[in-house]
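Biologist: I am new to this structure and would love a close look at one part of it. Could you take me through the open sheet and what packs on it?

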Amino acid sequence: MARQSAAQAKAVPKAAAKSAKKTAAASPSKLFVLDTNVLMHDPTSLFRFEEHDIYLPIMTLEELDNHKKGMSEISRNVRQVSRTLDELVSSSEDIDVGVDLTGPSSKLATGRLFLQTEAISGELPTALPTGKADNHILSVLVHLQRKHPKRQVILVSKDINMRIKARALGLAAEDYFNDKVLEDTDILYAGTQELPANFWDKHGQGMESWKENGKTRYRLSGPMCPQFMVNEFVWQEGQGNPLAAWVKEVAGKTAVLETLTDYSHPKNAVWGITARNREQNFALNLLMNPEIDFVTLLGQAGTGKTLLTLAAGLTQVLESKLYAEIIMTRVTVPVGEDIGFLPGTEEEKMAPWMGALEDNLEVLNKTDDEAGSGDWGRAATQDLIRSRIKVKSLNFMRGRTFLSKYLIIDEAQNLTPKQMKTLITRAGPGTKVVCLGNIAQIDTPYLTEGSSGLTYVVDRFKGWPHSGHVTLARGERSRLADHAAEVL
């Protein structure tokens, strides 16, 4: 009797699993109705819905047609979508049954694409004008919900008001999440980690230490080691032996830590600049290390991102001659109203956008003048510095290759992931790329903290042996600036 009940107990989970599989197979896939702005935002969005079906209203195609002219990124995306749709439709024999996306998407999507092939007049409240494109798409949604009562019909739109309208009418609506690197930027990789108080008790047994290139290295093993990233900074405050090191190797439960150069000490000053806090010291270790090709620095206004980067750049260009010159660029997105076209050469047009460069050079020239070189010496230094710093516009970056350059991308939070890829792939042999930004100050209307190109590269480059990231926490500009950043 006991044997029989045990056999029955074994059989029950199998039966349950089979019935679960049957219900999963029987449940119909979702039908996603795409708003025009989703296609404008991501031209590959047609292949991002896996096993679910996609429906394109005729008004979506009409709006795409209105935006295909021009040289902006949106216009380019629209033309790419139009070409993709043309290939899909021309290869399909019957549009009414939908276009299978398995082949064109290389098995990324297994659903079908449906185009509106009939006149639809779904009932909407009389207060909503039917001539408006958004309302026409909503009426298509109402029609599809009635036509497929057993299927989940969902509107996908980047337009917040459109989603609110849809939900007010009792329709399902969602944002397009595929472009977001992280849902919550609080979990974005910070590049630094504080070690717990009992770290050495758990990781100190069997520790090896040796000298390499004037630095002390420690090989540790313990439960925290697999969590470390290569080039991540670890620190521990203590009365006796405060620790500041970075992770150089990670292999299973073993990690190698290396001590840092102390840039807070005047003897290690970089172009007269010393680190004022722990994170600035971490940042200078990255900026001054020739083995690190790609550096990202995040932080609010006044944390010293641009100053540290320029100081490290000038030292390595003019003193150690590691790089030929500094190239600085940024996205030209105004905070207020646009002031229109600017006269002059490329550098003259970029000059109003490069106020941060001028301000920081002023500080760096003052530190250089402390040696007592006088007005003549200062003027000569300024001319030398300006001859080695080139200001370039993003518009002319495609197709270029930078050899042995120190490339600074300022205000990188306003770049899309695609623009960021275009810029970073310009780097040739011996070039270092530094991205600076504050994801809390995004001026581009179509980007969020989660979908910014800066967030994208921080997340994708973490753990690569030739890249490093630090989030600067403490403001060092002035007590007024620090207080304003906190309370405003």
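Modeller: Here is a walk through that sheet, the helix that packs on it, and that helix's own neighbour.

A word on the basis first: this is a predicted model, in which local features need pLDDT of at least 70 and side-chain atom pairs count only at pLDDT 80 or more, while totals for chains, interfaces and linings use all residues. Residues are numbered from 1 along each chain as its sequence is written, and side-chain values use heavy atoms, with hydrogens and water left out.

For orientation, the protein chain holds 15 helices and 18 strands; these are DSSP runs numbered from the N terminus, with at least four residues for a helix (H or I) and at least two for a strand (E). Of its 488 residues, 45% are buried, meaning under 20% relative accessible area with a 1.4 Å probe, protein chains only.

Now to the sheet. Strands of a sheet pair through backbone hydrogen bonds, either parallel or antiparallel. Here 6 strands make an open sheet with parallel pairing, in the order S15-S14-S16-S17-S13-S18; two strands count as paired if DSSP finds at least two bridges between them. Strand S15 (389-391) and strand S18 (467-472) are at the edges with a single partner strand each, so one side of each has no neighbour in the sheet. On average, neighbouring strands are turned by 15° against each other, direction ignored.

Look next at one pair inside the sheet: strand S14 (residues 325-330) runs parallel to strand S16 (residues 405-410), and 6 bridges join them. Thr329 stands opposite Ile409 of S16.

Helix H9 packs on this sheet, touching strand S13 (294-299), S14, S15, S16, strand S17 (432-437) and S18. Contact here means heavy atoms within 4.5 Å. The direction of H9 makes about 170° with that of S16, where angles run from 0 to 180 degrees between N-to-C directions and axes are lines fitted to C-alpha atoms, for helices over the stretch in contact.

H9 (residues 305-319) also packs with helix H8 (residues 278-287), at an angle of about 35° and with axes 10 Å apart. The H8 side of the contact consists of Gln280, Ala283, Leu284 and Leu287, and the H9 side of Leu308, Thr309, Ala312 and Gln316. By class, that contact has 5 nonpolar, 3 polar and no charged residues; Ala, Val, Leu, Ile, Met, Phe, Trp, Tyr, Cys and Pro count as nonpolar, Asp, Glu, Lys and Arg as charged, and the others, Gly among them, as polar.

How values were computed: Buried means under 20% relative accessible area, exposed over 50%, partly exposed in between (1.4 Å probe, protein chains only).
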